[in-house]
Amino acid sequence: MSELKNDRFLRALMKQPVDVTPVWMMRQAGRYLPEYRATRARAGDFMSLCMNPEMACEVTLQPLDRYPQLDAAILFSDILTIPDAMGLGLYFETGEGPRFRKSVHTEADIDALPVVDMSKDLSYVVDAVSLIRRELNGRVPLIGFTGSPWTLATYMVEGGSSKDYRRTKAMLYDQPQLLHKLLDKLVLSITDYLNAQIRAGAQAVQIFDSWGGALSYNAYQEFSLQPMQRIIDGLIREHDGRQVPVILFTKGGGQWLESMADSGATALGLDWTTHIGQARQRVGGKVALQGNMDPAVLYSRPDAIRREVATILEAYGPGSGHVFNLGHGVTPEVDPANAGAFFEAVHELSAQFHVG
């Protein structure tokens with residue numbers, strides 16, 4: 001594997017000195033980019049794009065070609081590849097988001113879910129990671145990712161997106177042992193999935209706990225955080241002679257940072273509702289922090305974007321341990337020029353915080 005020409009993202013995650021604060025953006029390969037929309041049109045639909053390693057590689061590299069300031073690439077895929085590989089039949093309704101042809105409601109449904117064979121059922125993801133890593137040729141590190149067990153379980157029980165997680169929460173309170181049985185199965189598959197990505201060349205991994213913030217304090221600890229801890233415990237943490245950092249991102253999880261910092265993760269992702277300076281005071285001795293600009297800032301003018309970047313950098317303060325990112329994924333309506341202004345501002349304005 002090629003030597004990394006730019007490793008400041010990995011260095012910041014390990015809280016080692018950097019020259020500027022590294023930056024990447026969740027969903028940076030996405031619909032806001034015209035070149036992505038063109039490739040997706042060529043693929044025919046979203047899942048066809050995900051399942052074609054050459055096209056997944058192409059769209060992963062598109063933002064790096066457009067924005068030389070980016071300090072990391074993230075695998076182009078979807079968090080729902082594991083439930084799809086379990087035979088639930090993932091498809092996308094226009095305006096509705098992801099749906100499953102089958103959902104999971106009973107013990108028999110859970111028992112029927114197969115153990116996912118990474119080399120067969122999800123080989124397209126592993127192949128994409130290998131290809132992307134080769135094509136990057138050491139430009140920047142490659143991030144692999146997964147959805148959290150709780151997040152995947154909500155999609156599997158609800159049959160798609162949900163506003164209130166009614167069925168999943170009913171299972172949580174009525175039949176907690178049943179939900180644990182589903183989560184246990186997901187923990188095993190997700191651990192295998194991330195380790196397969198690491199072996200194929202992912203140099204850091206992120207767990208997206210998109211819906212953990214919908215839970216009560218006790219339910220989050222038991223049904224979201226504990227399963228994620230078990231995954232972290234089972235991950236390959238050194239590969240290719242380097243440590244493999246793990247980023248844990250619970251949207252709406254700002255109130256649980258202390259327990260998240262005890263999970264074994266290298267870094268915690270923050271959404272925009274948490275003050276990054278206060279988060280650093282609470283957990284900065286244990287973990288690096290990633291985040292956390294409101295994605296809606298990218299609808300504003302470049303000077304307003306620069307002001308918000310400066311505010312977040314000032315709030316974090318001097319020293320390493322910060323990876324700049326949005327507090328959630330970039331939205332399709334964002335002007336690509338504004339994303340460029342964001343990346344430039346991070347590098348330009350952060351240098352003063354990394355002197356000496």
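Helices here are DSSP runs of H or I with at least four residues, numbered from the N terminus. The exercises below concern a predicted model.

**Exercise 1.** Determine how many residues of helix α8 are buried, and state which residue follows the helix and what the sign of its phi is.

*Solution.* Begin with the extent of the helix: α8 covers residues 149–158. Next, apply the cut-off, by which a residue is buried if its relative accessible area is under 20%. Ten of the ten residues of α8 are buried, and the helix is therefore described as mostly covered. Among these buried residues are Trp150, Leu152, Tyr155 and Met156, together with the charged Glu158. Finally, pass to the residue after the helix: α8 is followed by Gly159, which has a positive phi near 85°.

**Exercise 2.** Locate the residues other than glycine, Arg27 and Asn137, that have a positive phi, and decide whether each is buried, partly exposed or exposed.

*Solution.* As background, most residues other than glycine have a negative phi. Arg27 has a phi near 65°, and its place is in the loop between α1 (8–13) and α2. For Asn137 the phi is about 50°, and this residue lies in the loop between α7 (123–136) and β4 (142–147). The class partly exposed runs between the limits of 20% and 50%. Arg27, with a relative accessible area of 47%, is partly exposed, and Asn137, at 41%, counts as partly exposed too.

**Exercise 3.** Describe the largest pocket by its volume, its lining and the elements that contribute to it.

*Solution.* The volume of the largest pocket is about 1,400 Å³. Its lining consists of 41 residues, and those nearest the centre are Arg27, Arg31, Phe46, Asp78 and Phe92. Arg27 thus appears here again, after its positive phi in the previous exercise. Sorted by class, the lining holds 19 nonpolar, 13 polar and nine charged residues. At least two lining residues come from each of α2 (34–43), β2 (90–93) and β3 (97–100).

**Exercise 4.** Trace the order of the open sheet to its edges, and find the cis peptide bond that involves a residue of β10.

*Solution.* The sheet has seven strands in the order β1-β4-β5-β8-β9-β10-β11, with parallel pairing. Its edge strands are β1 (73–74) and β11 (322–326), each of which pairs on one side only. Strand β10 (residues 288–293) is joined to β11 by five bridges, and Gln290 has Val323 as its bridge partner in β11. Most peptide bonds are trans. The bond between Gly291 and Asn292, however, is cis, with omega about -5°, and Asn292 lies in β10.

Key: Residues numbered from 1 in each chain as written. Predicted model: local features only at pLDDT ≥ 70, side-chain atom pairs only at ≥ 80, totals over all residues. Heavy atoms only, no water. 1 Å grid on protein atoms, 1.4 Å probe; cavity = no way out; pocket = protein on both sides within 12 Å on 5 of 7 lines; lining within 4 Å. Points joined across faces, edges and corners; volume = space filled by probe spheres on them. Buried < 20%, exposed > 50% of the residue type's maximum accessible area, 1.4 Å probe, protein only. Pairing = 2+ DSSP bridges.
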